[in-house]
Amino acid sequence: MKIYKNNWYALLAGILGGIALDYLGLGILLAAVVSGVLVGLFTTKLRYTLALSTLSGILWPAILMAFQLANSMSMEMLSLVSEIAGFPPMAMLGITIIIIVVVSMLSAITTHVLAGLTLPKEP
Amino acid sequence: MMSRSRRSVVILAASLVLLIVLLGGLLSSPIGLLIYLMDPASGVLESSNYGLIPAKHVERIPGLSGTVKIVFDKDGLPHIFASTEEDAFYAVGYLHAWFRLWQMDIQRRLASGTLSEILGEDTLKNDIFMRIVGLRRSAEATVEWMKVNEPDVYKLLEAYSRGVNDVIGKLEATHRLPLMFKLLEYTPEPWTPVDSILWAKYMAWSLTNFWEPLAYSYLRIKLGSNDTNLLWPVHPYYADNVTVMPGDGEINGKRIDVDPYYLRSLDWFGEWATGINYDDPKVADALAAAIEEALKVIDDPPRSIGSNDWAVAPSRSVEGVAMMSDDPHLSLNMPSVWFAVHIKAGESLDVIGVTLPGVPFVIIGANRHISWGLTNTQIGVMDFYVEKINPNNPLQYWHKGAWRDMEQIKEVIRIKGGGEKVIYVNVTVHGPIINSEGIPISFRWTGNAGFKNDGGGVTREALAIYQVNKARNLNEFIEALRYWDVPSQNFMYADIYGNIAVIEPGLFPLHRVELPTGEEILVVGSRSLLNGTGDYDWVGYIPYEDVPHAINPERGFLAAPNQMSVGPYYPYFILGAWWDPGSRGQRIFADLTSKPTFTAQDMMSFQADTFDWYASMALPIMIDAVESEVSGVYREALDIVKTWDYRMDKDEAAPLIWWAWFSILNDKMYRDYLLEHGIKRAYYPSHDTTIWLMRNMNNSKWFKPSFKKIVYDSLIEAIDKLAKKFGEDITKWKWGDVHKLYIRHLSMLDPLSRGPYPEDGGDDVLMSAPIPWDINILDNPRYVGTGPSWRIVAVMYRDGPKIYGVYPGGQSGNPVYEYYDNYIDLWLNYKYIELAFPTTPEELGNTIGMIVLEAG
């Protein structure tokens, strides 16, 4: 199997994959892993893998959260949960995105390196 | 230098290990829970979409026989229009789950003893206790009986369950389960008819689990018969003139044929009445130890609960129509115990009122013909038995001349985190044994004994309330209540034909007792533990025809705020009854005789009445005792209570002074006395007893060193403590600074709760809002947590009733939705919603949403 590598595709696949899989109910962590896998598969170099998986890991949950928080009741729910948890709302969102980024990045690196070792190179 | 491929392998290994460690760590840490909760697609943010009233939601439902329209009026009240009862009750289940799913789930867990599965070891004690009680076992037996004997009602419970489960499926698919499921990381099991019956059983249990016979036995052991009977009399001191049933107790031409005043004067702890020799120190010590063990398992000391209801006849109404008023006092929580709904099914059912989420039928409300409300009768329907165990076999007990095997039931309680606790419930012919240490004490409760009194647990209140929902007149109402087994209730009734009535249906267990005179009588309930060897077993229940009831009394009103049910000559001697001593009864009787005729507005103002009858009885005596002794700030305080109208209003200082003064007086009277006798838990006598002692025995041992001195010292201490807390300026003191309502969320989480709100009312007044009579709460605030959980006034016009109601809460369980708490302000300000009662959806006019369920 040959992978046609393209960093734009990698970014797009990472973002869309994350959104779709989370939306379908796989859960945010699994979506982050798969999103990272997609980025890792399509990026051309390890440094792009790092950069794009970070970008994708920020963007896809941020897009979903932005849609969600456009609803004022979701904002209220966020404040409420923050009060219950005793933790500021922005910190909760921030930690979530950081974790997604790290998971996504590690998963992307693993995939990228593994693919480099096992799959034939593009001509 | 490292080769390229070797470097790749190192990177691969490092990233893989880090990934695995990170994921593993996340799954088992609070950060993992945070990530799960913050998941934008399926986390808590999505739960903000739960429990909303949709502008228009259309759905196809397989199994419906026709289209069901649910229309929401401007107050958020849903009106269900269905063509069949099955469809209608499907819709009730659908609505309950749509708005209150977590509440339903936590309630069934509470009742069945499965809280620990989701909450961990903290709730293990409750779970163990509920497994011992065995409500789920009784609910299962009841449902099996219904399948065979009442298949039509069973079908309605099934339809209701389908409605619940369809919503559960939908919520799971859209990740919109309520917030609490996500916070606790679990999903609901499917709903079944057993769950509905279970919650009804729990409500019955919570209203009738009177532990007084245990507590009184303990008091008898520690204090002796004389003091116990004086401080906790068989019947309250001031209640004979305000019984629920007018008259002297005669019913259907029957009267008790032994002098009832002689019966009241007897020592019912005597061996002739209980089979227990309390005078034998060995017996007494062993029993005291066993009771202490049992109370540890129960952890629920005796307490007063109560409600108000009354009805006035057309002759006493300004508009010439019958009116009914009811406000059941229950625990006030978010979400409320009640969910209001109007259910119309073809021509067979058209009922409006409040349901219990989890149970399909309207519990308190009205239909086009009749209205009804409920209060607790407070009559004892639970007895405790001392079991004699075979010394050679701890699983055998002595009963009616032979050793019998106990039934042993294995209960496995799963605990969050993976553990489990296995317990074995030992059950005798009387019921389950409570304590595992000391002499075994079992208990028999009507909800477990069942209507056949065979211990099978089958009770028929679902059938009864279903028939009440449909009853078209007094006869049908009375016939329906024949099946009401537990909890025994005062069903207050008014109809459009001008009838008023009160019926006390329920299973009232009878013992046969041979009096010291040799006469044999039938007695309801007990004040003491009973010998379990067979002589004190239940011999049956009061026949339905003889349960206390009154129809269209000459005086033109009926009232049942938990006071004494019947006059002394009722044919069965009611021994175990934990009646309200009568303060609310006295007050509502005064209200209902204050003028010739009343309006609906009067009914509402009586529900808000804060007059404290005990204060009116006690304060003049207390003031008189210290009048000549006080000066300065104490004089100022005395002057305030002297001119007080005895209303427990939140903005007044006088109620605060009265509460503090009387609390300290009670403490001084009883605390040391009880401690000296080895009683650590607070079993203070009720206020009517204290007042009776003040009026009749003010030189007794409870007034040390003298009546005047103890009352004086109490006043000084009260004022000093209040001044320390609120400053020297008495005019700035307010009852509402201490007396505050807190409507706690069922999860106990503060951000989901509402309040505290300064509140009118008190412990002994119609506007019930009790806080402890304990001055220490000045420094450790305790909030009001119970009170009128639903206020209803039904005006029964001939051409259709007008119903007014309100409860403290809101219809939705979603804490960020406006319909979560929109009724609280109304309730706090004694305002009501006029419940729209349309015959068609179109008639409703101003609506805010609609759900259409189409047969699919």
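Chain A carries 5 positive and 4 negative side chains, and the centres of these two sets lie 33 Å apart. Keep in mind as you look around that this is a predicted model. The C-alpha trace of chain A spans about 55 × 20 × 20 Å along its principal axes, so the charge separation can be read next to those three dimensions. The chain has five helices and zero strands, and its pattern along the sequence is α-α-α-α-α.

Staying with chain A, we can ask how the chain packs. Of its 123 residues, 47% are buried. Among the contacts with a separation of 6 or more, 78% join residues that are 24 or more positions apart. The accessible surface of chain A comes to about 5,900 Å², and carbon and sulfur atoms account for 75% of that area.

Now let us move to chain B and its sheet. Eleven strands form an open sheet with mixed pairing, in the order S1-S33-S2-S3-S7-S8-S9-S10-S18-S19-S24 (chain B). At its edges are strand S1 (57–61) and strand S24 (549–551) of chain B, each of which pairs on one side only. From one strand to the next, the twist averages 20°.

Two neighbours in that order are worth a closer look. Strand S7 (residues 339–345) of chain B and strand S8 (residues 349–355) of chain B are antiparallel partners, with seven bridges between them. To find the register in your viewer, start from Phe339(B), which stands opposite Thr355(B) in S8(B). As a general reminder for reading such strands, side chains in a regular strand alternate between the two faces of the sheet.

Next comes another group of strands in chain B. Which strand is largely enclosed by the rest of the structure? It is strand S31 (residues 802–806) of chain B, because four of its five residues are buried. On one pairing, S31(B) runs antiparallel to strand S30 (residues 791–796) of chain B, and five bridges join the two. Here Ile792(B) stands opposite Gly805(B) in S31(B). The hairpin of S30(B) and S31(B) has five residues between the strands, and Gly800(B) takes a positive phi near 130° in this hairpin. S31(B) also pairs in the antiparallel sense with strand S32 (residues 833–835) of chain B, over three bridges. In that pairing, Ile803(B) has Leu835(B) in S32(B) as its bridge partner.

From strands we turn to a helix. Helix H17 (residues 461–470) of chain B is the place of Asn469(B). H17(B) is mostly covered, with eight of its ten residues buried. The buried set is Glu461(B), Ala462(B), Leu463(B), Ala464(B), Ile465(B), Tyr466(B), Val468(B) and Asn469(B). In general, an α-helix has 3.6 residues a turn, so residues three or four places apart point the same way.

Why does Asn469(B) count as buried? Its relative accessibility is 1%, and the cut-off for buried is under 20%. Leaving aside neighbours within four places in sequence, Asn469(B) is in contact with Leu349(B), Val351(B), Phe361(B), Val362(B), Asn367(B) and Trp372(B). Leu349(B) and Val351(B) take us back to S8(B), which covers residues 349–355.

Let us finish with the backbone, where a few torsions deserve attention. Where are the cis peptide bonds? One runs from Val486(B) to Pro487(B), with omega near 0°. Pro487(B) sits in the loop between helix H18 (474–481) and strand S18 (489–495) of chain B, and S18 also appears in the order of the eleven-stranded sheet. Another cis bond leads from Lys704(B) to Pro705(B), with omega near -5°. Pro705(B) is found in the loop between helix H24 (687–696) and helix H25 (707–726) of chain B.

Positive phi values outside glycine come next. Asn252(B) is not a glycine, yet its phi is positive at about 50°. This residue lies in the loop between helix H12 (225–231) and helix H13 (260–265) of chain B. Asn252(B) counts as partly exposed because its relative accessibility is 48%. Lys400(B), also a residue other than glycine, has a positive phi near 50°. The place of Lys400(B) is the loop between strand S13 (393–399) and strand S14 (402–405) of chain B. With 56% relative accessibility, Lys400(B) counts as exposed.

Methods:
Residues numbered from 1 in each chain as written. Chains lettered and ligands numbered in written order. Predicted model: local features only at pLDDT ≥ 70, side-chain atom pairs only at ≥ 80, totals over all residues. Heavy atoms only, no water. Buried < 20%, exposed > 50% of the residue type's maximum accessible area, 1.4 Å probe, protein only. Contact = heavy atoms within 4.5 Å. Areas by Shrake-Rupley, 256 points an atom, 1.4 Å probe, with all protein chains shown as cover. Lys, Arg positive; Asp, Glu negative; His and termini not counted. Pairing = 2+ DSSP bridges. Axes fitted to C-alpha atoms, helices over the stretch in contact; angles between N-to-C directions.
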